[in-house]
Amino acid sequence: MAPSLDHVPLGWRITLHLVPLLAVAFLAFYGQVVCPFISGLPPARLLAGLLLAFAFQVVLRETLWRVHARPAPGQWIARHGWWLSVIGWGITGLVGMMLYYIAYPGYPWHTFFKLGSGYWALGAGILAQADYLVLEALFRRRAATGDAPRATPLERIAQRLMEGYALFTVVPGVVMVLMAWRFHFDGLTSLRVALEVLFLALVFAVAALLVAGLYGRALKRDCANLLGGLSEVGAGRFDLRLDTSRPDELGQVAAGLNRMAAGLAQRERIREAFGRFVNPEVAAAFLAREGTAEGALSQGGERREVAVLMADIRGFTALSESLEPEVLTGLLNGCFAELVAAVQAHEGMVDKFIGDGMMAVFGLAGRSCLATCAVEAALEIDSRMAAFNARGAALGRPALTLGLGLHKGPVVAGYMGAPERLEFTVTGLTVNVAARLQDAARAPRPGLLMSRQLADALPPEIPTRPVASLDLPGLTRPVEAYTTATTSALPTRGPAG
C-alpha cells in the first residue's frame, strides 16, 4: 500500500501542529515591539487573535490531510505534505488579514498586509520546510523497519538544494523590502531608501538564484552520473569509470562505485576461472555462500541420491610411453573435452579428473532423471568418442578406448579435505561400486557396465541386458552387472591405464 498522511501517528501530528506556534511567537513579539500600530494593542488581545489564527490553521491542516491524504502518482509523501503546508499557510495568512481588518478597521491597509506577509514569508517560505523534514524522517523510519514500501518516488538532491537556496535567499530579501516600504508608508524614511533596498534585494536575489542554478545543474549532472553508474553495475557491466574529480562526498561516492565495479569485475573473472576448475554450479554456490555474512564453508556434507559415472582410458600407461608429453597432453585434453560436453549436455556434474579417468555425478541439483541422464550421457560419450577417433585417425593420432561404470545410490555430497584445502566431491559406497564396475568393463565384457539398481530405474525406451554377477574387489556381495542393449558399448582392449 502506498503511504498516505492517514499513516502519520498522533504524536508526529502534534509535533507538526506545534510548528506554527513559532510564527505566533514571532508575530506577537514583532507586533508588540516593532510595529508602530499593533504595538498599541494589549498583549493579551494581540495574542488572542494570533492564537485564533493558529487554531484555524490546525483545523485547516487536519481538513486538508483528510481530503488530500494520498499524494498524486509519482509524488513523494513528504513533498505532498509540504505542498499542503504551503497552501495552509497561504490560507491562514488571508484569514489573519481578514480577522484583524474586522477587528481594527482604522489601521492602514499595509498593516494587515504586513501581518499576512509574515504568515506567507515565515510560514509558507520557511516553516513549511519543517513539515517536509518531519514527514520525511517518519516515512524513512517506517520504510527502514519494513512498515512501509521501500520504493518511493525519486526526490532529486539538486532540486531540494535549489529550493533551499531560493527560499532562504528570496524570503529574507522580500522581508527587507516589505520593511523598507512599510517605513516609507509610515513616513519613517524616504522613497529613495525604499527603492534602494528594493534594488539591492533584487540584485542579490537574482545573483544568488543564478549561482544556485549553476550549482544545481552541476549537482544534477553528477548525481545523474552516479545513478547511471549504479544502473550499469546492476546490469552486470563493470567497466565503468566515473568522474571522481569532485572534492566532496559525491566524489568519494563515485570513487567507491569505481572500486566496487572493479571488485565485481574481478569476482566475475574469478567465477569464470573457478568454473573451469570445478563444476560451474558448484563454483556459483561457493561464491554465493562466501559472499554472505554466514559464509564460511564447513567440512562434511549432506546425504543425496545420485547416479555416478566413472570413465577411464584403457592402455593409457603404454600410450604415455610412446608419445611425447605435449602430444599426450593434447590427446588427453581432447578426450576429456568430449566427456565433459556429454556429461553437461545431460545435466551432470564433472566431479573430478583422476589421472586418465573422470568421475561425473547426476542428480545433485535435485533432478529426478538421474539414472536416465547418466546412461544417456554414457551413450553420447560412446558416439562422441567414435567421432573423436575418426578425426584422430585422419591426423595419424592413436585411437582411444574407454571403460565406463555406472551405479545409482546414496552418497554424501559436500566439501572434503583439510580446512586449508577443501574439495567439493561425493563419497560413499555408490562411488566405490561405480569405480569397480568401470574397472571390470573390459574385454570380453562390454565397455559399459551398470548396476542392477541403475538399470531398474531406466525407462523402457532404454533397453538393457544382464552381463554377469560380478565379485568385485573390496565388496562383500556380488554385483549384478548390466549393459545397454542398443550399442556395442565401448568395446575395450588392452590393460588398464
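Visitor: In this predicted model, what share of the contacts with a separation of 6 or more joins residues 24 or more positions apart?
Guide: Take the contacts in the protein chain with a separation of 6 or more. Then pick out those between residues 24 or more positions apart. Their share is 69%.

Visitor: How many helices and how many strands are there in the protein chain?
Guide: Both kinds of element occur in the protein chain. The strands number 8. The helices number 14.

Visitor: What percentage of the residues in the protein chain is buried?
Guide: The protein chain has 497 residues. Buried means under 20% relative accessible area. By that cut-off, the buried share is 42%.

Visitor: How much of the accessible surface belongs to carbon and sulfur atoms?
Guide: Start with the whole accessible surface of the protein chain, about 26400 Å². The part belonging to carbon and sulfur atoms is 63%.

Visitor: Why does the span of helix α12 agree with what is expected?
Guide: Helix α12 covers residues 370–394, which is 25 residues. The rise is 1.5 Å a residue, and the expected span uses one less than the number of residues. So the helix should span 36 Å. Its end C-alpha atoms agree, being apart by 36 Å.

Visitor: Which glycine follows α12, and what is its phi?
Guide: Look just past the helix, at glycine 396. Its phi is positive, near 75°.

Visitor: How many cavities of 30 Å³ or more are there, and how much space lies in the largest?
Guide: The cut-off is 30 Å³, and 3 cavities reach it. The space in the largest cavity is about 80 Å³.

Visitor: Which helices each supply at least two residues of the lining of the largest cavity?
Guide: The lining includes Asp222, Asn225 and Leu226. It also includes Leu250, Gly251 and Ala254. By class, the lining divides into 4 nonpolar, 2 polar and 3 charged residues. The helices that each supply at least two are α7 (191–234) and α8 (249–277).

Visitor: Which helix gives the largest share of the lining of the second largest cavity?
Guide: This cavity has a volume of about 60 Å³. Two helices each supply at least two lining residues, α3 (43–67) and α4 (77–103). Among the lining residues are Gln57, Leu60, Arg61, Leu64 and Trp65. The largest share, 5 residues, comes from α3.

Visitor: How many residues of that second lining are charged?
Guide: Sort the lining of the second largest cavity by class. There are 4 nonpolar and 3 polar residues. The charged count is 1.

Definitions and conventions. Residues are numbered from 1 along each chain as its sequence is written. This is a predicted model: local features need pLDDT of at least 70, side-chain atom pairs count only at pLDDT 80 or more; totals for chains, interfaces and linings use all residues. Side-chain values use heavy atoms; hydrogens and water are left out. On a 1 Å grid over the protein atoms alone, a cavity is a set of points where a 1.4 Å probe fits but cannot get out, and a pocket is an open set with protein on both sides within 12 Å along at least five of seven lines; lining residues have an atom within 4 Å of a point. Grid points are joined across faces, edges and corners, and a volume is the space filled by probe spheres set on the points. Helices (H or I, at least four residues) and strands (E, at least two) are DSSP runs, numbered from the N terminus. Ala, Val, Leu, Ile, Met, Phe, Trp, Tyr, Cys and Pro count as nonpolar, Asp, Glu, Lys and Arg as charged, and the others, Gly among them, as polar. Buried means under 20% relative accessible area, exposed over 50%, partly exposed in between (1.4 Å probe, protein chains only). Contact means heavy atoms within 4.5 Å. Accessible areas come from the Shrake-Rupley method with a 1.4 Å probe; for residues, only the protein chains shown count as cover.
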